[in-house]
Amino acid sequence: MEQLKSSQDYDREYDKKKEKVKQKAPFFYKLRKTHKYQKYFFIFISLMLPLIFYLGIRVMPTLFTFNMGFREWNLLATGERPFVGLDNFVALFQDEVFLKSLLNTFIYIVIGVAGQLLFGITVALLLHKINRFKGLFRVIYFIPYVTSIVAISWVFQWLFMGNGFINDVLINIGLPPQPFLGSPDQALYVIAAAMIWQSIGFQMVLFLAGLGNIPQMLYEAADIDGASPWQKFWNVTVPLLNPTIVFSAIIGMITFIQVSFTQVINMSSDGSGGPLDSTISVVVYIYQQAFQQYDMGMASAATVILFLFILGLTIFQMKVLTKKFDY
């Protein structure tokens, strides 16, 4: 007759079985038994989902675009897309329309970013000083930013047309009417003005947030030292707004490159960057190559150049505009 096993023997057998389970599936055992591993597993899964989404939506299409830029890729043709190396890029820099679009895009950025920063900080300073109806004025200035770009483009087109409101004003004050959107020399600046006007509200919000973070005691110290309003603005406000200025400049640059498509398509005289390609931007050129000429190779090569163009300008802005100040 076998002797009954003691409780200690049962405990030892249970511990052996438990150890075998740990050796076979240590991760899942720890995950089931330990709160620490459950926490890390949840964080890992939470991070993996947006990472997979970002890789699938952002990184993979970008790499695919780079691949198309080095191939002869007609959107309507079937069969192989041969690798042509740098031929598409060489053809782009031999195309006067592309070079014109690159120059126009640079002009849009320079005029647009400078204009929206200047008007944005001016409006923000004025609204920061008032106490009554502050919310109402903020809403009024912000409305254009959330208004349809197409609607604003058509309103500006009506204002600056040959028999539009602006020419009526010029005639009434004794000045000759101007061709505006019908002139290769003026059309680009009219479109840039429309972009600046629409973006003032967004810049105003950014600068109001930056102004609200400046300690009031710095202005009080400047008053004690006898600083003028201009000295307080230049030596206190501007340095402490530097992070806001850098962010606004970079976001404004990217925004101007994006909206230069919608504004140009709706405001140019022929709807494709005219007259005489005077308002065409790189984004409009890419659209024409891809969906009018069906040449995805050239369009992708232009996209790669635009990407490098934006990257270079962003690095330049961060290096030049970023300053460190100690108070």
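Start with burial: colour the protein chain by relative accessibility, and you will find that buried residues make up 35% of its 327 residues. Keep in mind as you go that this is a predicted model. While the surface is on display, note that the accessible surface of the protein chain comes to about 20,800 Å², with 66% of that area belonging to carbon and sulfur atoms.

Now switch to a cartoon view. The protein chain shows 14 helices and zero strands. For contacts with a separation of 6 or more, 67% join residues that are 24 or more positions apart.

Next, colour by pLDDT. The mean for the protein chain is 84, and 87% of its residues reach 70 or more. Select residues 26–33, which form helix 2: confidence is lowest here, at a mean of 56. Where pLDDT is low, the predicted coordinates should not be read in detail. Then jump to helix 4, where confidence is highest, at 93.

Stay with helix 4 and move inward to the largest nonpolar core, which has 63 residues. Within this core, L92 and F98 touch the most other members. Several helices each supply at least two residues of the core, among them helix 4 (87–93), helix 5 (96–129), helix 12 (242–267) and helix 14 (296–321). Select helix 9 (187–212) as well; helix 9 gives the most to this core, with 13 residues.

Zoom in on L92. Which residues is L92 in contact with, leaving aside its neighbours within four places in sequence? Show F98, Y285, M298, A301, A302 and I305 as sticks, and you have the set.

From there, go to S281, in the loop between helix 12 and helix 13. Is S281 buried or exposed? Its relative accessibility is 0%, so S281 counts as buried, the cut-off being under 20%. Beyond its neighbours within four places in sequence, S281 is in contact with S101, T105, Y108, S260 and F261.

For the last stop, return to the surface and select W158, M161, F165, V169, I173 and L175. Together these residues make a nonpolar surface patch of about 590 Å². Click on F165, which lies in helix 8 (residues 165–172). With a relative accessible area of 45%, F165 falls between the 20% and 50% cut-offs and is therefore partly exposed.

Terms used: Residues are numbered from 1 along each chain as its sequence is written. This is a predicted model: local features need pLDDT of at least 70, side-chain atom pairs count only at pLDDT 80 or more; totals for chains, interfaces and linings use all residues. Side-chain values use heavy atoms; hydrogens and water are left out. A nonpolar core is a set of buried Ala, Val, Leu, Ile, Met, Phe, Trp, Tyr and Cys residues joined through side-chain atoms within 4.5 Å. Buried means under 20% relative accessible area, exposed over 50%, partly exposed in between (1.4 Å probe, protein chains only). Helices (H or I, at least four residues) and strands (E, at least two) are DSSP runs, numbered from the N terminus. Contact means heavy atoms within 4.5 Å. pLDDT is the predictor's confidence in each residue, from 0 to 100. Accessible areas come from the Shrake-Rupley method with a 1.4 Å probe; for residues, only the protein chains shown count as cover. Patches are made of residues with over 30% relative accessible area and no salt bridge: like charges are joined within 9 Å, nonpolar side chains (Val, Leu, Ile, Met, Phe, Trp, Tyr) within 5 Å. A salt bridge is a side-chain nitrogen of Lys or Arg within 4 Å of a carboxyl oxygen of Asp or Glu.
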